[in-house]
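Hi everyone, thanks for making the time today. I'd like to walk you through a structure that is probably new to most of you, so please have it open in front of you.

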Amino acid sequence: MNRIMMTMAILMVLLISCGEDEPCVTCAPPDNCAPPPPRGVYSVNYDGTVLICWVANYETDVAGYNVYRSTSLYGEYSPIGTVYSDASEPVEYCYEDLDTGNGTHYFYAVSAYDNNGTESDLIVEEVVSGTPRPEGQVTLYDRNDLPAQSGFDFFPDLANESQAWNDPTTDFYFVDEAGVQRFVAYRAGAQIQDYGYASNFDAVTYAPDDGWSPSGSVEAVVRHMYMLKLVEGSDEHYAKLYITSVTPAAVTFYWAFQTDPGNPDLAPPAPGRGTGALTSTPKSGELPGLNTEAKLTDRFSDPPIVERATRTRDSETGQTTE
């Protein structure tokens, strides 16, 4: 008799744990509890797009994930896409936001929903941000041999074109001095530093605050990353270079330039793709909740579906292919 009473008491506790004013700890069938929101959310910047990834939920009844975007941390989050749960249960899911613009700061949140359509909340602890930035590849030649093709200017054209080393708009140029190949910052306000060896183009996430070369000159070394701080009008912009080939006659490198003034975010890597901090918003118990008004009004619309991102990136060069 005591065993029956104990069983009934446990069932009562399970049922009342799903009250409207209390979080669901566990639910007796039918399951009316929303799955927890996905964890481990991170973002990766590309040229004109942002990749958002997260760890798969452990619940077996999760049917998919909805991705939301806002232009401010506590603004309204609108749905931009859905990723359906895979029967093979991958460890990680990703969604690539193609509807972005370079230099615009975006915030992303991800929810999970089950087979009943019950959806989790958006939580500020798992919001991530991304700022797409343009990138490219260019070859510069020794100033002593081809002075008209030894300089480079990032902004505003953002083109893979060389120019004269002494052009008033040249940010930096390449020169061989007594057998030592160098980058030299040229235009007023341009600063440069050798950030050291990097395994690939994505291995460095943010531009530093200090450490700039006092002479404005650095040795050009294969597989080294170089950071630049540039003055464009009244704004400061950050850029990076990654050398793939260098000889006394020429240097070839990949570049990335952040068009958002003052933003040092250049290319946050996914875990395992490099080192450095991700773009996750710092956790804080004092932060207010997200504005979910857009989520609640638009959640039943039909956003574009992207099952998995198809873009890949070469492990050596860091360049993307479709």
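Let me begin with a puzzle: which backbone nitrogen lies 3.0 Å from a polar atom of the side chain of Asp114? Have a look around that residue for a moment. The answer is the backbone nitrogen of Thr118.

Before going further, please keep in mind that this is a predicted model. Everything I mention today is computed from that model.

Let's stay with Asp114 a little longer. You'll find Asp114 in strand 6, which covers residues 106-114. Is Asp114 buried or exposed? Asp114 is buried, because its relative accessible area is 2%, and the cut-off for being buried is under 20%. As for its surroundings, if we set aside the neighbours within four places in sequence, Asp114 is in contact with Cys33, Pro35, Asp61, Val62 and Ala63.

Now let's step back to the whole protein. How many helices and strands are there in the protein? There are 2 helices and 18 strands. The protein has 322 residues, and buried residues make up 47% of them. The protein exposes about 15700 Å², with carbon and sulfur atoms supplying 53% of that area. Here's one about contacts: if we take those between residues at least 6 apart in sequence, 64% join residues at least 24 apart.

Next, the sheet I'd like you to look at. It is an open sheet of 5 strands, in the order 8-16-15-14-12, with antiparallel pairing. At the edges are strand 8 (135-141) and strand 12 (191-197), each of which pairs on one side only. On average, neighbouring strands of this sheet are turned by 30° against each other, direction ignored.

Let's walk across from the strand 12 side. Strand 12 is joined to strand 14 by 6 bridges, and the two run antiparallel. One pair to find here is Gln191 with its bridge partner in strand 14, Lys229.

Strand 14 itself spans residues 224-232. Why can we call strand 14 largely enclosed by the rest of the structure? Because 8 of its 9 residues are buried.

Moving on, strand 14 pairs with strand 15 over 8 bridges, again in the antiparallel sense. On this stretch, Leu228 stands opposite Ala239 in strand 15. The two strands form a hairpin with 2 residues between them, and Gly233 in the turn has a positive phi of about 65°.

From strand 15 (residues 235-246) we go to strand 16 (residues 250-257), and 7 bridges join this antiparallel pair. Here, Ser245 has Thr252 in strand 16 as its bridge partner.

Thr252 is my last stop. Thr252 counts as buried, because its relative accessible area of 16% falls under the 20% cut-off. Leaving aside neighbours within four places in sequence, Thr252 is in contact with Gln137, Val138, Thr139, Tyr242, Ile243, Thr244 and Ser245. With one of these, Thr139, there is also a side-chain to side-chain polar contact of 2.8 Å. And how far apart in space are Thr252 and Leu241, C-alpha to C-alpha? They are 9.6 Å apart, with 11 residues of separation in sequence.

If you'd like to explore further, start from Asp114 in strand 6 and Thr252 in strand 16. Thanks for listening!

Methods: Residues are numbered from 1 along each chain as its sequence is written. This is a predicted model: local features need pLDDT of at least 70, side-chain atom pairs count only at pLDDT 80 or more; totals for chains, interfaces and linings use all residues. Side-chain values use heavy atoms; hydrogens and water are left out. Helices (H or I, at least four residues) and strands (E, at least two) are DSSP runs, numbered from the N terminus. Buried means under 20% relative accessible area, exposed over 50%, partly exposed in between (1.4 Å probe, protein chains only). A polar contact is a pair of N or O atoms within 3.5 Å; within protein, one must be able to donate a hydrogen and the other to accept it, and residues adjacent in sequence count only if both atoms are side-chain atoms. Contact means heavy atoms within 4.5 Å. Two strands pair if DSSP finds at least two bridges between them. Axes are lines fitted to C-alpha atoms, for helices over the stretch in contact, and angles run from 0 to 180 degrees between N-to-C directions. Accessible areas come from the Shrake-Rupley method with a 1.4 Å probe; for residues, only the protein chains shown count as cover.
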